[in-house]
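The report that follows goes through one structure, beginning with the ligand site and moving on to the core, two helices and a set of loop residues.

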Amino acid sequence: MREFGYVRAATVAEAIGLAAEGPVAYLAGGTNLVDLMREEVERPRRVVDISRLPLSAVEDLPDGGLRLGALARNAHVAADDRVRRRYPVLARALLRGASPQLRNRATVGGNLLQRTRCRYFYDLGAACNKRAPGTGCEAIGGFDRGHAILGASESCVAVHPSDMCVALAALDATVNLTGPEGDRSVPVSDLHLLPGDTPQVETVLRSGELVTSVDLPPWPPARGAYVKVRDRASYAFALVSVAVLVQVHEGTITLARIALGGVAPKPWRAYAAEELLTGAAADERTFGAAAEEAVVGARPLRHNGFKAELARRLIRRTLVKLS
Ligand SMILES: Cc1cc2nc3c(=O)[nH]c(=O)nc-3n(C[C@H](O)[C@H](O)[C@H](O)COP(=O)(O)OP(=O)(O)OC[C@H]3O[C@@H](n4cnc5c(N)ncnc54)[C@H](O)[C@@H]3O)c2cc1C
C-alpha cells in the first residue's frame, strides 16, 4: 500500500471542506475502499475518515417514509423493525449480501458506492477502461460469465455488485447528497451511470460530494421479495437477482416494481415490464410476458447467455409466488 494522508472528520462541514481543497477518498466502513487501496487499484493521496460523523440514524420521515443515514450499518438497517415491517424487500436484500461480519461494518453510503467486482478491474496487469481509461477491456472476449447483459458498452461490461441497491431501486429511494456546491437529492435509479465510453465515471456525484442519507418513500401495502441466485449459497455476489413488489386487487395488478441485479452496470429497473403488468390480469400469461419484456435488448457475452433465461425465470417465479 502506498503512503497517503489520513484525516478523521468530526463534522460533515469539515469533511466537505477537506474535499473542497482537493481530491479525497471518503472512508466509511472501509470494507471495499481498504481492499482497493491494498491492491493499489485505488491510490488516493488523502483519505477522509467519515465513520464518526453523526449520519448513522434510521429515522421516520413526516410523510410516512424512512430516512437511512449514510453511515447506518447494513446489519443495523436489516434488523430495524420499521425496515422489516414496511420495506421487507430491503431487509431481505441486505441479508443476502456479504457475511454477518461485513454487514456489521458496511454502511449504506459505502454499499451504494462500492466498486465493481470485475476481476479485470482488480488485476493491475489487465487492460481495464474503468481503472485505466483508454487501455481496453479484457473482460470482453475473456472470462465474462459474471458480466453485464444489459446496459454495457464496447468499453466496459462490468456489473454493479450491490444487493441493497436493487431493492432501493425497486422502492424508488432517493439519495441525499451534500458537497462543496451545496445539497441536492437524486433518485437512486439516476445515481449510477451506464459506462458508454467513459466507464471510469460511475455515478453522478460531483467532486467532494458526500452521501448523507437515503430516503424511502411511504409505500402502500404490497407484497415483495428479493431473490438472489449465486454460485454459493452464501458469501457470493449475485449472478442474477431480482427485487419485486406487487399489489393485486380482485385479480388485477394495481402496482408493480421490478429491479434486477447482477445483469447491468447499475441496478436495472425493468420499467417496460412494470408497465405491462400494471392494470393486467395477475396470471401466468401476464407474468411470462413481463419476464420476456424485462430482458428485451439483452446482449449476452460469450459465457453469460444463461443470465437472460435466469432473469426471466426468476421474475416469472417470483411474480407467481407473490400474487
Ligand atoms: C468478501 C466480500 C463479499 C461481499 N459480498 C457482497 C454481496 O454479496 N452483496 C453486496 O451487496 N455487497 C457485498 N460486498 C460489498 C460490501 O457490501 C461493500 O464492501 C460495503 O457495502 C461497502 O461499504 P463500506 O461502508 O465498507 O464502504 P467503504 O469501503 O468505506 O467505501 C466504499 C466506497 O464508497 C465511498 N463512500 C462510502 N461512504 C460514502 C459516503 N457517505 N459518501 C460518499 N462516498 C462514500 C468510498 O469513498 C468508497 O469509494 C462484499 C464485500 C466483500 C469484501
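## Ligand shell, core and loops

In this predicted model, the strands β2 (25–27) and β8 (210–216) and the helices α6 (100–105) and α7 (108–113) each supply at least two residues of the shell around the ligand. Of the elements that take part, α7 gives the most to this shell, with 4 residues. The ligand is surrounded by 29 residues, and the closest of these are Gly29, Gly97, Gly109, Gly110 and Leu113. By residue class, the shell around the ligand divides into 16 nonpolar, 11 polar and 2 charged residues.

The domain assignment of the chain gives domain 1 (5–51) and domain 2 (223–322), and the centres of domain 1 and domain 2, taken over C-alpha atoms, are separated by 36 Å. The largest nonpolar core has 97 residues, and Ala167, Leu260 and Ala311 are those with the most contacts inside it. Helix α9 (residues 164–170) gives the most to this core, with 7 residues. Because domain 1 (5–51) and domain 2 (223–322) both give residues to this core, it lies between them. For Leu260, once its neighbours within four places in sequence are left aside, the residues in contact are Val166, Val240, Ser241, Val242, Trp268, Ala270, Ala294 and Ala311.

Two helices show how buried residues are covered by other elements. In helix α1 (residues 12–20), the buried residues are Ala15, Ile16 and Ala19. They cover an arc of only 95 degrees around the axis, which means that they are on the same side of α1. The elements that cover the buried residues of α1 include β2, β3 (46–49), β6 (174–179) and β8. Just after α1, Gly22 takes a positive phi of about 160 degrees. In helix α5 (residues 88–95), the buried residues are Val89, Leu90, Ala91, Ala93 and Leu94, and the buried residues of α5 pack against the helices α3 (74–79), α4 (81–86), α6 and α9 as well as the strands β9 and β10.

Several loop residues can be set side by side by the number of other C-beta atoms around them.

| Residue | Other C-beta atoms within 10 Å | Exposure |
|---|---|---|
| Pro195 | 25 within 10 Å | buried |
| His160 | 24 within 10 Å | buried |
| Ala222 | 16 within 10 Å | partly exposed |
| Tyr235 | 11 within 10 Å | exposed |
| Glu40 | 10 within 10 Å | exposed |

The place of Pro195 is in the loop between α10 (188–191) and β8. Not counting residues up to four places away in sequence, Pro195 touches Ala152, Ser153, Ser155, Cys156 and Pro265. Pro195 and Leu95 are 100 residues apart along the chain, and their C-alpha atoms are separated by 28 Å.

His160 has its place in the loop between α8 (119–122) and α9. Leaving aside its neighbours within four places in sequence, His160 is in contact with Thr116, Cys165, His192, Pro265, Lys266 and Pro267. One of these residues, Pro267, is 107 residues from His160 in sequence, while the two are 6.8 Å apart in space, C-alpha to C-alpha. Pro265 is thus among the residues touched by Pro195 and is also in contact with His160.

Ala222 is found in the loop between β8 and β9. Beyond its neighbours within four places in sequence, Ala222 is in contact with Leu245, Val246, Gln247 and Leu255. The C-alpha atoms of Ala222 and Leu245 are separated by 6.1 Å, with the two residues 23 residues apart along the chain.

What, finally, is the phi of Glu40? Glu40 has a positive phi of about 65 degrees although it is not a glycine, and its place is in the loop between α2 (33–38) and β3. Tyr235, found in the loop between β9 (223–229) and β10 (240–249), likewise is not a glycine and has a positive phi, of about 60 degrees. Most residues other than glycine have a negative phi. Both loop residues are exposed, Glu40 with 10 other C-beta atoms within 10 Å and Tyr235 with 11.

Terms used: Residues numbered from 1 in each chain as written. Predicted model: local features only at pLDDT ≥ 70, side-chain atom pairs only at ≥ 80, totals over all residues. Near = placed C-beta within 6 Å. Nonpolar A, V, L, I, M, F, W, Y, C, P; charged D, E, K, R; others polar. Domains from an automatic or database assignment. Buried ≥ 20, exposed ≤ 12 C-beta atoms within 10 Å, placed from the backbone. Arc of directions from axis to C-beta. Contact = placed C-beta atoms within 7 Å. Core = buried A, V, L, I, M, F, W, Y, C linked by C-beta atoms within 7 Å.
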